[in-house]
Amino acid sequence: MRPYPFTAVVGMEQLRLALVLSAISPAIGGVLVRGEKGTAKSTMVRALAGLLPDVEVVDGCRFSCDPGRPDTACPDGPHPSEEARHRRPARLVELPVGAAEDRVVGSLDLERALRDGVTDYQPGLLAGAHRGLLYVDEVNLLHDHLVDTLLDAAAMGRVTVEREGVSVSHAARFVLIGTMNPEEGELRPQLLDRFGLTVEVASSREAAQRAEVVRRRLAYETDPDGFATGYVDAEARLAADIAAARGLVAAVRLTDDALLQIAEVCAAFEVDGMRADIVTARTAAAHAAWCGRAEVSTEDIRVAARLALPHRRRRNPFDAPGIEEEQLEQALRDAEPPEGGPPDDDGPGAGSEPPGGDGEHAPADDTSGDAGGNGGQHGNGERQVGAGTPYRARLFTVGGTGAGAHGRRSRAVTDSGRTVGVRPPGVREGGPHLLATVRAAAPHQRARGRVGTGLVLRAHDLRYALREGKEGNLVLFCVDASGSMGARSRMGEVKAAVLSLLLDAYQRRDKVGLVTFRAGVAELALPPTISVEAAAARLEALPTGGRTPLAEGLLRAAEVLRVEALRDPRRRPLLVVVTDGRATSGQDALARAHAAAALVAGTGVTSVVLDCESGRMRLGLAAELATRLGADHVPLGEVAAEALTREVKRRAA
């Protein structure tokens with residue numbers, strides 16, 4: 001791992017340590033590297049491959065079986081103990097974001113299975129990564145079902161492929177490394193928990209450190225071989241240290257007192273499940289081996305907790321990962337055995353007052369503004385109102401059947417899901433349909449001179465399943481932020497409703513965008529993105545004030561949808577207009593708004609109008625707007641799923 005000016009990237013030393021520990025003990029479960037673009041995340045990961053020890057493999061085995069312990073279920077087996085073998089470097093296999101499932105896990109040739117009665121399995125990327133590294137750049141952009149497959153394989157050490165009753169299984173033990181830019185969207189907390197360790201990296205703001213990065217980069221581009229030669233000895237020493245630690249880790253003692261400390265720390269941070277405890281224990285043992293210790297110490301547990309717990313504390317997508325050093329030190333002190341010495345006093349935050357005490361940290365949570373909707377008054381008359389607590393929102397869907405990206409909102413034809421039919425002959429998409437294929441081939445067996453038990457198939461006999469699942473949509477919010485919303489103290493409720501719908505969009509894997517209109521103008525506050533965290537941040541900071549340019553807001557939303565349809569034509573949109581229906585900006589404001597609504601309706605986009613009107617005297621303008629849009633009209637108080645349930649029960653009664 002060629003020396004990098006670590007001080008130029010905040011967290012780079014932690015990343016280096018996390019990668020080394022995962023190489024020492026692959027059972028840790030890999031590393032997730034989070035950071036902004038241009039912070040050498042990929043460079044560090046690729047450098048790790050050259051430090052891993054060579055592996056001995058059986059000659060001709062496509063699954064890299066270990067001659068000393070061959071996989072008894074290997075599709076290329078069985079392997080006799082005297083079979084020829086050779087040594088090769090550990091592999092780094094990169095998984096592209098757009099890879100299909102068959103490319104990842106491997107594919108079965110159904111035609112050969114039916115015709116010849118044999119299992120013809122072509123290994124995928126997971127087989128190639130066995131006993132090496134599997135690297136996924138931009139793992140947050142990978143489809144959820146593929147991420148689940150990767151993490152299952154990493155946890156179980158095996159891959160099983162099943163197609164129409166034909167099953168193949170092989171070993172797949174690898175170190176999983178994922179990198180991501182949080183600005184492009186988060187992984188779900190359930191998937192985050194499956195990564196063993198996580199590290200946050202960010203570039204330095206120090207000019208001298210940034211200059212050193214540029215200097216080394218230019219030196220490498222001028223003479224790559226000469227630059228690399230300068231670090232050969234350092235890399236060799238690091239590789240030898242990793243190999244030595246690998247030999248020691250199995251002998252490291254994890255005492256009952258150390259286990260109790262780990263359990264106390266995990267309980268103190270209220271992490272879900274037991275995976276955090278297990279990963280922390282494995283990481284602490286690997287760190288002890290790396291330091292040459294025969295027994296896990298408090299310092300090993302401290303280091304392990306910093307790497308294994310931050311991403312497991314998230315309860316919803318708007319929570320930032322991280323742990324408080326004071327809380328960690330307090331948990332370690334509380335778990336110290338009576339006969340043990342005090343924890344190291346040089347750790348970050350040691351001796352500080354824990355959160356929740358009466359010290360200066362107590363009011364820290366009071367910096368985000370008034371969540372009750374009081375907000376702050378700006379000098380220009382604008383008003384900024386905080387969002388209330390989000391809740392479980394009712395489901396809004398796009399009608400019909402789409403064919404967009406995998407998600408959880410609207411019906412769509414997908415590669416996975418339940419089989420609802422057979423694709424037309426000649427259409428080779430999705431998985432094969434066994435019964436339809438047999439039916440297509442059966443009438444021709446005599447004419448084809450069939451003998452024996454196997455079917456005589458032709459390429460045109462193959463039929464493919466038509467499967468229906470769910471797709472993710474583009475949910476574009478068009479939010480009225482004019483003075484009428486703030487004056488009636490409704491903006492807090494509006495933001496809570498939109499925040500709840502953003503949370504729902506996150507869970508359903510939608511793209512989201514935000515158009516706001518106020519003070520006579522409409523603007524695209526957030527272009528369509530999969531990062532609902534960014535949308536939530538823009539919503540929280542949204543001020544209110546000024547007249548209501550409803551027509552401009554609708555036209556701006558229509559333009560955003562038009563452009564996005566060119567960029568991502570398969571992703572169907574859902575327009576959510578949040579307004580009380582008033583239009584007060586310019587002459588004939590209401591008439592222009594109704595004309596704009598008719599134009600939007602003419603595009604065929606599925607729309608919902610969330611009616612924010614309040615008070616005893618209501619004009620019903622939002623309901624009229626919904627009619628002109630061809631949209632569902634939903635009062636703001638009925639956005640919650642519980643409200644819909646109550647309404648259904650009331651009508652049934």
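Asp588 sits in the loop that runs from β22 (573-579) to α20 (589-602). Helices (H or I, at least four residues) and strands (E, at least two) are here DSSP runs, numbered from the N terminus. The phi angle of Asp588 is near 50°, a positive value in a residue other than glycine. Most residues other than glycine have a negative phi, and most peptide bonds are trans. Asp588 is exposed, with a relative accessible area of 60%; exposed means over 50%, buried under 20%, and partly exposed in between (1.4 Å probe, protein chains only).

The model is predicted: local features need pLDDT of at least 70, side-chain atom pairs count only at pLDDT 80 or more, and totals for chains, interfaces and linings use all residues. Residues are numbered from 1 along each chain as its sequence is written, and side-chain values use heavy atoms, with hydrogens and water left out.

The protein has 22 helices and 24 strands. Of its 653 residues, 48% are buried. Among contacts (heavy atoms within 4.5 Å) with a separation of 6 or more, 76% are between residues 24 or more positions apart.

A second positive phi occurs at Ser64, where the value is near 55° and the residue is again other than glycine. Ser64 belongs to the loop between β3 and β4 and is buried, with a relative accessible area of 3%. Pro78 is in the loop between β3 (55-58) and β4 (85-88). The peptide bond joining Gly77 and Pro78 is cis, with omega about 0°.

Next come the cysteines. A disulfide is a covalent bond between the sulfur atoms of two cysteines. The criterion used here is a pair of cysteine sulfur atoms within 2.5 Å, and the structure holds zero disulfides. For Cys61, the closest cysteine sulfur is that of Cys74, and the 3.7 Å between them is too far for a bond. Cys74 is likewise in no disulfide, its nearest cysteine sulfur being that of Cys65, 3.6 Å away. Cys61 counts as buried at 11% relative accessibility, and Cys74 is buried with a relative accessible area of 7%.

The helix pairs follow. Two packed helices are described by the angle between their axes and the distance between the axes. Axes are lines fitted to C-alpha atoms, for helices over the stretch in contact, and angles run from 0 to 180 degrees between N-to-C directions. Helix α1 (residues 12-24) packs against helix α10 (residues 232-249) at an angle of about 50°, with the axes 9 Å apart. That makes α1 oblique to α10; angles under 35 degrees count as roughly parallel, over 145 as roughly antiparallel, 65 to 115 as roughly perpendicular and the rest as oblique. The crossing of α1 and α10 is right-handed, a term for the near helix being turned clockwise from the far one by less than a right angle, with anticlockwise giving left-handed. On the α1 side the interface has Arg16, Val20, Ala23 and Ile24, which meet Leu238, Ile242, Ala245, Arg246 and Val249 in α10.

Helix α10 also packs against helix α12 (residues 275-290), their axes coming within 8 Å and crossing at roughly 125°. These two helices, α10 and α12, are therefore oblique to each other. From α10 the contact uses Leu238, Asp241, Ile242, Ala245, Leu248 and Val249, and from α12 it uses Ala285, Ala286, Ala289 and Trp290. The crossing of α10 and α12 is right-handed.

Helix α11 (residues 256-268) and α13 pack at about 30°, with their axes 10 Å apart. That makes α11 roughly parallel to α13. Ala258, Gln261, Ile262 and Val265 in α11 meet Thr298, Ile301 and Ala305 in α13. After α13 (298-308), the loop leading to α14 (325-334) contains His311. His311 is buried, with a relative accessible area of 2%. Its side chain makes a polar contact with the side chain of Arg312 at 3.3 Å. A polar contact is a pair of N or O atoms within 3.5 Å; within protein, one must be able to donate a hydrogen and the other to accept it, and residues adjacent in sequence count only if both atoms are side-chain atoms.

Another such contact, of 2.7 Å, joins the side chains of Asp510 and Arg409. Asp510 lies in the loop between α17 (491-507) and β19 (511-518) and is buried, with a relative accessible area of 3%.
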